[in-house]
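Biologist: I should like to learn how to read the features of a model step by step. Could we begin with the chain fold and end with the packing of helices?

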Amino acid sequence: MTKTRTRIIARIDVKNEFVIKGIHLEGLRKVGDPIELAKKYYKEGVDEILLMDAVASLYGRNNLFHIIEKACREVFIPITIGGGIRSVDDIDKALKSGADKISLNTQAIKQPDLITKAAEIYGSQCIVASIEAKHKNGWWEAYVDNGREETGINVVEWAQELERLGAGEILLTSVDMEGTKKGFDHALIQEVYSKVGIPVIISGGAGKPEHVIDLAKHVDIDAVAFASILHYNTFGIKEIKEQLISKGMNVRL
Amino acid sequence: MNKKIAVLDYGIGNVRSQLNALKYLGVEAILTADQKEILNADAVILPGVGAFKHGMENLEKHGLTPLIKEFIATGRPFLGICLGMQLLFEESDEFGNSNGLGLIKGKIRKLDTENEIGLKLPHIGWTGIEPGPQKDWTGTILNGIAPGTSYYFVHSYAAIPAEQSEILATSQFGNQSFCCAVEKDNIFGTQFHPEKSGEMGLEILKNLIEKIK
């Protein structure tokens, strides 16, 4: 059995009022109501929920505060909110709306000291630094604005810097694998896992439980986020967890 | 009349889920730092995330330290959660040494990652809990919970109680066992978050409500 108990997270990307799902973070399709899905995954035994505003950075605001306010009346597990959070004031609003953690991507790159400032006020445990990674020739580049804008920043170096700045966790999304259901970018994940000492949530590519089992042979996985296969009812939370446990993984049932 | 639980407001952390969980269980939950409201409450919860020193300073700033002691003297149930549990102890060495409320004997120390490979701090996630060395959960806030049930933890520091008999439950971080719940008379503490631990977490809050006479 692996040492770390792997957390199974439901990732819900929201545009306006709808849960959406695309491929490579693009070509977004409506797949449901975020509050209903959050409640459903909670009841099925998911360990955490990640609510991301997919277009927030485009419009310069986060529209999820009211959604989280409603969701957390009946969802009693940790909820992380991300997208369009640009200041300590926004973080404060997010936490007061009922979020336990906030996720920063675009703003972390524009304003790295926001990570440090936020960690000092609220504690590292509530700061998740999000990285959108795209494979380049021999390296990975960090993207912002939901995989739309390149930054020239090296993902692995950036992950180390985020840890140093005070992030409590990293959400590592492979833009290349995102929405493809073809499995994870093993090389990217192994590289980041070997370089940082904080928990790393893996996102992008989960198509079936076997993908996680394959990855677990190489990496002691802290957490993995599922989106497509949950939203399209390909697998239920319980089914995923049972399969992981049957293959010797340490997962909460 | 509805049972009333005061959640202490000292300006830190996400307390909305705490209030929501209590409301969901059918009790009146108020977020307050008001003397009258606190002393009139049927039970009090001290929530908290973040650093010990910052938490203690905020308790002082909001004038809550003497109120907490006054409330506990009434014999009504008092529950500290996460940092709220740590603050019940005498001292912590997080960001230099600072004194806590001193209601339970013992200290707060960082979990050890030096002597074991692959352990990461903060300890984030769902971990099973087991009865303390001298504890039976019958009649406690863990009444009816099966040993091994998992709860949600987010912390880097943990309590080391001086009295073994006050350790209600322990949990594992790698090979280290640490105290994750305490009980001393009407004072309870959980290092994990019952309000974030699904149905089994709500059971603990229900047990707390049942303790209200």
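Modeller: Let us start with contacts along the sequence. In chain B, 69% of the contacts with a separation of 6 or more join residues 24 or more positions apart. This is a predicted model, and every value here is computed from it.

Biologist: What share do residues 24 or more positions apart have in the contacts of chain A with a separation of 6 or more?

Modeller: In chain A, such pairs account for 66% of the contacts with a separation of 6 or more.

Biologist: How many helices and strands are there in chain B, and how many in chain A?

Modeller: Chain B has 6 helices and 13 strands. Chain A has 11 helices and 12 strands.

Biologist: How should the radius of gyration be read for chain B?

Modeller: One sets the value beside that of a compact globule with an equal number of residues. For the 213 residues of chain B, the globule would have a radius of gyration near 17 Å; the chain has 16 Å, so the two agree. Chain A, with 253 residues, has 16 Å where a compact globule would have a value near 18 Å, which also agrees.

Biologist: What does the C-alpha trace of each chain span along its principal axes?

Modeller: The trace of chain B spans about 50 × 40 × 30 Å, and that of chain A about 45 × 45 × 35 Å.

Biologist: What part of each chain is buried?

Modeller: A residue counts as buried if 20 or more other C-beta atoms lie within 10 Å of its own. By that criterion, 51% of the 213 residues in chain B are buried, and 56% of the 253 residues of chain A.

Biologist: How many residues does each chain bring to the contact between chain A and chain B?

Modeller: Chain A contributes 28 residues and chain B contributes 24 residues. On the side of chain A, these are 10 nonpolar, 7 polar and 11 charged residues.

Biologist: At what angle do helix 9 and helix 11 of chain A pack?

Modeller: Helix 9 (residues 209-216) and helix 11 (residues 237-246) of chain A pack at about 35 degrees, and their axes lie 9 Å apart. The crossing of these two helices of chain A is right-handed.

Biologist: Which residues meet where helix 9 of chain A packs on helix 11 of chain A?

Modeller: From helix 9 of chain A come A:P209, A:V212 and A:I213, which meet A:I240, A:Q243 and A:L244 of helix 11 of chain A. By class, this contact between helix 9 and helix 11 of chain A has 5 nonpolar residues, 1 polar residue and no charged residues.

Conventions
Residues are numbered from 1 along each chain as its sequence is written. Chains are lettered from A and ligands numbered from 1 in the order in which they are written. This is a predicted model: local features need pLDDT of at least 70, side-chain atom pairs count only at pLDDT 80 or more; totals for chains, interfaces and linings use all residues. Helices (H or I, at least four residues) and strands (E, at least two) are DSSP runs, numbered from the N terminus. The radius of gyration is taken over C-alpha atoms; the globule rule is 2.2 Å times the number of residues to the power 0.38. A residue is buried if 20 or more other C-beta atoms lie within 10 Å of its own, exposed if 12 or fewer, and partly exposed in between; C-beta atoms are placed from the backbone. Two residues are in contact if their C-beta atoms, placed from the backbone, lie within 7 Å. Ala, Val, Leu, Ile, Met, Phe, Trp, Tyr, Cys and Pro count as nonpolar, Asp, Glu, Lys and Arg as charged, and the others, Gly among them, as polar. Axes are lines fitted to C-alpha atoms, for helices over the stretch in contact, and angles run from 0 to 180 degrees between N-to-C directions. A crossing is left-handed if the near helix is turned anticlockwise from the far one by less than a right angle, and right-handed if clockwise.
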